[in-house]
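Thanks for coming. I have one model to go through today, and I will start with a charged pair.

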Amino acid sequence: MRIIEGFDQYTKGKKYEEKISLEEFKAIPVGLEVVYLGARCNVDSNNGYILGLSPLKGGEQFSVNLNQFIKSGFINSNL
């Protein structure tokens, strides 16, 4: 169990398929780096219901809602 406890300190934040509340979703700041569908993305906009994300390695901006982010999003405070 010590290995898992040690790993947890590097994965603080929202994990894949971990539910977050609407208030937590609204509090995601613009400029935060998140992972969505395995790609690192910057949060360009957050109107409280939809996040505007743009991939770090180039590509078009896309939007995700709360349920999409719960299913495929990841917030790691150590990115």
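E33 and R40 form a salt bridge, with the closest N and O atoms 3.4 Å apart. This is a predicted model, so please take the distance as a computed one. By the rule we use, the count comes to 1 salt bridge. How exposed are the two partners? E33 counts as partly exposed because its relative accessibility is 22%, and the cut-off for buried is under 20%. R40 is also partly exposed, with a relative accessible area of 45%. As background, side chains of opposite charge can pair when their charged atoms come close.

Now the chain as a whole. The secondary structure comes to 3 helices and 5 strands. In sequence order the pattern reads α-α-β-β-β-β-α-β. The chain has 79 residues, and 32% of them count as buried. Its accessible surface comes to about 5,400 Å², and carbon and sulfur atoms account for 54% of that. If you take contacts between residues at least 6 apart in sequence, 46% of them join residues at least 24 apart.

On confidence, the average pLDDT of the chain is 83, and 80% of the residues score at least 70. The stretch to be careful with is residues 6-11, where the pLDDT is below 50. Beyond near neighbours in sequence, that stretch has 5 contacts in the model.

Next, the core. Which residues of the largest nonpolar core touch the most other members? They are F25, I28, V34, L51, L53 and F69, out of 14 residues in that core. The elements that contribute two or more residues are β1, at 33-36, β2, at 39-46, β3, at 50-55, and α3, at 66-72. The largest share comes from α3, with 3 residues. In general terms, nonpolar side chains in soluble globular proteins tend to be buried together.

Two of those core residues come up again with N46. N46 is in strand β2. A polar atom of the N46 side chain lies 3.1 Å from the backbone oxygen of F25. For the backbone oxygen of I28, the distance to a polar atom of the N46 side chain is 2.9 Å. What else does N46 touch, not counting residues up to four places away in sequence? The full set is F25, K26, I28, V30 and L51.

Staying in strand β2, we have S45. S45 has a relative accessible area of 34%, and therefore counts as partly exposed. Leaving aside neighbours within four places in sequence, S45 is in contact with V30, I50, L51, G52 and Q61. So V30 and L51 are on the list for S45 and also on the list for N46. The C-alpha atoms of S45 and S63 are 9.0 Å apart, with their positions 18 residues apart along the chain.

Also on the β2 side, look at G31, in the loop between α2, at 22-26, and β1. G31 and V43 are 12 residues apart along the chain, and their C-alpha atoms are separated by 5.1 Å. Not counting residues up to four places away in sequence, G31 touches N42 and V43.

One backbone angle is worth a look. Most residues other than glycine have a negative phi. Which sign does the phi of L37 have? The value is positive, near 55 degrees. L37 is found in the loop between β1 and β2. Is L37 buried or exposed? L37 counts as exposed, because its relative accessibility is 64%.

From L37 we can move to helix α3, where K71 is placed. K71 and L37 are 34 residues apart in sequence, and the C-alpha to C-alpha distance is 9.1 Å. K71 is exposed, because its relative accessible area is 53% and the cut-off for exposed is over 50%.

Last, K19, which sits in the loop between α1, at 2-8, and α2. K19 has 70% relative accessibility, so K19 counts as exposed. How far apart are the C-alpha atoms of K19 and K71? They are separated by 8.3 Å, with the residues 52 apart along the chain.

That is what I have for this model.

Technical notes:
Residues are numbered from 1 along each chain as its sequence is written. Side-chain values use heavy atoms; hydrogens and water are left out. A nonpolar core is a set of buried Ala, Val, Leu, Ile, Met, Phe, Trp, Tyr and Cys residues joined through side-chain atoms within 4.5 Å. Buried means under 20% relative accessible area, exposed over 50%, partly exposed in between (1.4 Å probe, protein chains only). Helices (H or I, at least four residues) and strands (E, at least two) are DSSP runs, numbered from the N terminus. Contact means heavy atoms within 4.5 Å. A polar contact is a pair of N or O atoms within 3.5 Å; within protein, one must be able to donate a hydrogen and the other to accept it, and residues adjacent in sequence count only if both atoms are side-chain atoms. A salt bridge is a side-chain nitrogen of Lys or Arg within 4 Å of a carboxyl oxygen of Asp or Glu. Accessible areas come from the Shrake-Rupley method with a 1.4 Å probe; for residues, only the protein chains shown count as cover. pLDDT is the predictor's confidence in each residue, from 0 to 100.
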